[in-house]
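User: I am new to this structure and would like a close look at one part of it. Please take chain A, and then say how the other chains relate to it.

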Amino acid sequence: MSEIVLETEGLTKYYGDSLAVDHLDLEIPRGCICGFVGRNGAGKTTAIKLMLGLLEPTAGSSRLLGCDSSALTPAIRQRIGYVTEGHRLFRWMSIAGLEKFQRAFFPKQWDDKFFTDMIEYFDLPKKKKIKHLSNGQRAQVSLALALAPNPELLIMDDPTLGLDAAIRRQFLEGMIGLIMREGRTVLFSSHILGDVERVSERIVVIDKGILRAYCSLEQFQEAVKKVIFTFADSVPNEVNIDGLLHCKRIEKQLELTLVGTDDEQIAEWAKSAGAENHTIVKMSLEDQFIEFTAPANQKRLFKWEER
Amino acid sequence: MPLWIQILPGSDEPIYVQVTEQISEAIARGQLASGDKLPAVRKLASELVINPNTVARAYSRLEQAGLVTTKTGSGTFVSDPKMRRSDAADINMLAERMDTLITRGLNLGMGEQDLIRLFESRLTKFSKKSNKRKEEK
Amino acid sequence: MRFSSLLHKEFRECLPWMLLAAILFVAVTSVLFQTETYSENNSYRFSRLSPGTVISSYKITFYPAMSETGPWLFFLSIGLGLALGVRQFWIPNFTGTWPFLLHRSVSRNTILAAKLTAASIAFACSIVPIWVGIYWYATRPEVFAVPPTFRFFIEGWIFITLGLVTYLGAGLSGLSTAKWYTTKIFGLAFASLIIITTFSQRSLVWVLTLIAVSAAILLSRIFDTFLRREF
């Protein structure tokens, strides 16, 4: 096992009475891109802010590059890149001004040429003030600022929120470019499952502050599946199978969403329940995620009614 | 040697499967001839904007299937068709897949001859001669 | 390098307020000194209308002009303090720039020190030199028959330091994440209390001690809050 660069142990955060992050345990090894997914308000931003020492945990701890998050030293911070939620930069500064500001905190490691090339590639005039940039352009500046110091660990809080496909692709390219260098690690949160699927090696799924899954993307994609069983006469009332997430009955069919149940177990259950046949339906990552994080027995918001 | 791979995130096939299948198809169609070199893992990853590990996984699947061989230090090459192993299980799986297709065809009301003609017409797409002709044009 | 980069950023954010205070102070002072010439004419006409009434034109003109700069200095100093406190410690809550600012390869103390230094420079470069300049001008022998006293000069300094106390109070209130009706109000309320107390005191030594102690209290509260606060 390679070195762990980001580690949380029972990381918990309450805001007053409401629980934002509940006993988060993570170990992210050096050299991977880790996608951090969860629905709105699942606690992603809180978790990231806890990791960066911007919030104080109610319980538990986290460590970045071996240093406790609540006491990150300047030397450690210098090795970490952080793209804040919404790319909030100083509005009155020009791109060049911001470049100068940021560069001062990364002496030796700041790559002037890389930054300039990136800004030119994005076709942004360096003299332009941040407040005169569009959301997408501000995001591009924020990306260039985070990548130019060549950080060992890059943490991005929903960097592609509300951005168009082209700029989102640039963020993905940036992550891939960084990871190609030796020993770089990226953790990014996102709502866009397609982006996560493209670049992530591992995914973290949290829901209502609780860690639901932390595994390789491939494992997740293999684990969550939908199976449709067809019965000759009636669907059994009791469904007793390992890893059952959701269960839906449609006339003589039974649709189960399962997690971590292997095909043999499914076949065995089909036999014991007396199903005529069963098909395993392939699911996209997005469907898997929606099924995986949906509360059990959730009713459909809109229902097609036959007249 | 052009290699055109399209990634569709959000499809029900994982990305490494998409890469594996598209390269397999390119080999089957003759777009990649035996001895051709596949792009380096990192190069392909940055071109497709996908994780390098995904490309590596696809390459190792291709290698397991005997379609490519990796020579340490020089890269991954399309292997000689004569050298490819195909065991009974593989052929069996192929036969099963064909069964599903034949069932569909028959359900659509196609006759035996129709199916054979259809099979042949699809096969020409993979014939190396026709691909070469296309390139000349 | 890092500190100067922070200081540059903070000072640039203070700059508009600093300039505004300086321009207003210069403008107000020159208008008051204009009024002085105007009242001189007035007194001249007055003396022409009623000959025999001896009025020292110096006496009439000196006091309105010089003493009226005092309240202006007070309001401008308090205003500058409020503006800087709000700019440095409240606005980032709304613009959401705290996380970007705090993820620096320096300690939080350094970030706060840069803010405080920038605000001190803003005071030192605007109303302070103007006040010193006014005093210097007014004490020149040919300007006023009765030059302003040194006490008058020190009273101006008290107004300036009260501006700094207001700055610290506004900063502390801005940093506090508590509710208004609980501890958030403390900073501003404490600063107001000090200002009121100062006005009821005659002894300069007492007043200066009070200001120094209260500034020290606010400063330690600000450091404490800034280091512990969640952003």
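Analyst: What follows goes through chain A from a strand in its interior outwards, and then turns to the other chains. The model is a predicted one.

A good place to begin is strand 8 of chain A, which covers residues 185-190. Of its 6 residues, 6 are buried, so strand 8 is largely enclosed by the rest of the structure. The burial applies to both faces of strand 8 of chain A. One side carries A:Thr185, A:Leu187 and A:Ser189, the other carries A:Val186, A:Phe188 and A:Ser190, and all of these are buried.

Strand 8 of chain A has pairing partners. Strand 3 of chain A, residues 33-37, runs parallel to strand 8 and is joined to it by 5 bridges. Within that pairing, A:Val37 has A:Ser190 as its bridge partner; A:Ser190 is also one of the buried residues named above. Strand 7 of chain A, residues 153-156, pairs with strand 8 as well, in the parallel sense and over 4 bridges. Here A:Met156 stands opposite A:Phe188 of strand 8.

Strand 8 falls at residues 185-190, and the domain assignment of chain A gives 4-208 as domain 1 and 222-293 as domain 2. The C-alpha centres of domain 1 and domain 2 of chain A are 38 Å apart. Contact between the domains involves 6 residues of domain 1 of chain A and 5 residues of domain 2 of chain A. On the domain 1 side, helix 7 (193-199) and strand 9 (202-207) of chain A are the elements that give two or more residues. By class, that side of domain 1 of chain A has 3 nonpolar and 3 charged residues, and no polar ones.

Next comes a sheet further along chain A. An open sheet of 4 strands has the order 12-13-11-14, with antiparallel pairing. Its edges are strand 12 (244-250) and strand 14 (275-281) of chain A, each of which pairs on one side only. With direction ignored, neighbouring strands of this sheet are turned by 20 degrees against each other on average. Strand 11 of chain A, residues 224-231, and strand 13 of chain A, residues 253-259, run antiparallel and are joined by 7 bridges. One pair of bridge partners there is A:Ile228 and A:Glu255, the latter in strand 13 of chain A. A helix also belongs in this picture: helix 9 of chain A, residues 263-273, lies across strand 11 and strand 14 of chain A. Helix 9 runs at about 155 degrees to strand 14 of chain A.

Chain A also touches chain B. That contact takes 21 residues from chain A and 15 residues from chain B. On the chain A side, the elements giving two or more residues are helix 6 (165-180), helix 7, helix 8 (217-223) and helix 10 (285-293). Helix 6 of chain A contributes the largest share, with 6 residues. The side of chain A that touches chain B is made up of 8 nonpolar, 5 polar and 8 charged residues. Helix 7 of chain A therefore appears twice in this account, in the contact between the domains of chain A and in the side that touches chain B.Chain B itself is divided into domain 1 (15-83) and domain 2 (88-136), with 24 Å between the C-alpha centres of domain 1 and domain 2 of chain B.

Chain C is in contact with chain A too: 17 residues of chain C meet 19 residues of chain A. Helix 1 (2-49) and helix 4 (98-102) of chain C each supply at least two residues of the chain C side. That side of chain C divides into 6 nonpolar, 7 polar and 4 charged residues.

The secondary structure of chain C comes to 9 helices and 0 strands. Buried residues make up 34% of its 231 residues. Two helices of chain C can serve as an example of its packing. Helix 8 (residues 186-199) and helix 9 (residues 204-228) of chain C pack at an angle of about 175 degrees, and their axes are 10 Å apart. Helix 8 and helix 9 of chain C are therefore roughly antiparallel to each other. In this contact, residues of helix 8 of chain C including C:Phe190 and C:Ile194 meet residues of helix 9 of chain C, among them C:Leu210 and C:Ile211. By class, the residues of this contact are 6 nonpolar and 4 polar, with no charged ones.

How values were computed: Residues numbered from 1 in each chain as written. Chains lettered and ligands numbered in written order. Predicted model: local features only at pLDDT ≥ 70, side-chain atom pairs only at ≥ 80, totals over all residues. Axes fitted to C-alpha atoms, helices over the stretch in contact; angles between N-to-C directions. Parallel < 35°, antiparallel > 145°, perpendicular 65-115°, else oblique. Contact = placed C-beta atoms within 7 Å. Nonpolar A, V, L, I, M, F, W, Y, C, P; charged D, E, K, R; others polar. Domains from an automatic or database assignment. Buried ≥ 20, exposed ≤ 12 C-beta atoms within 10 Å, placed from the backbone. Pairing = 2+ DSSP bridges.
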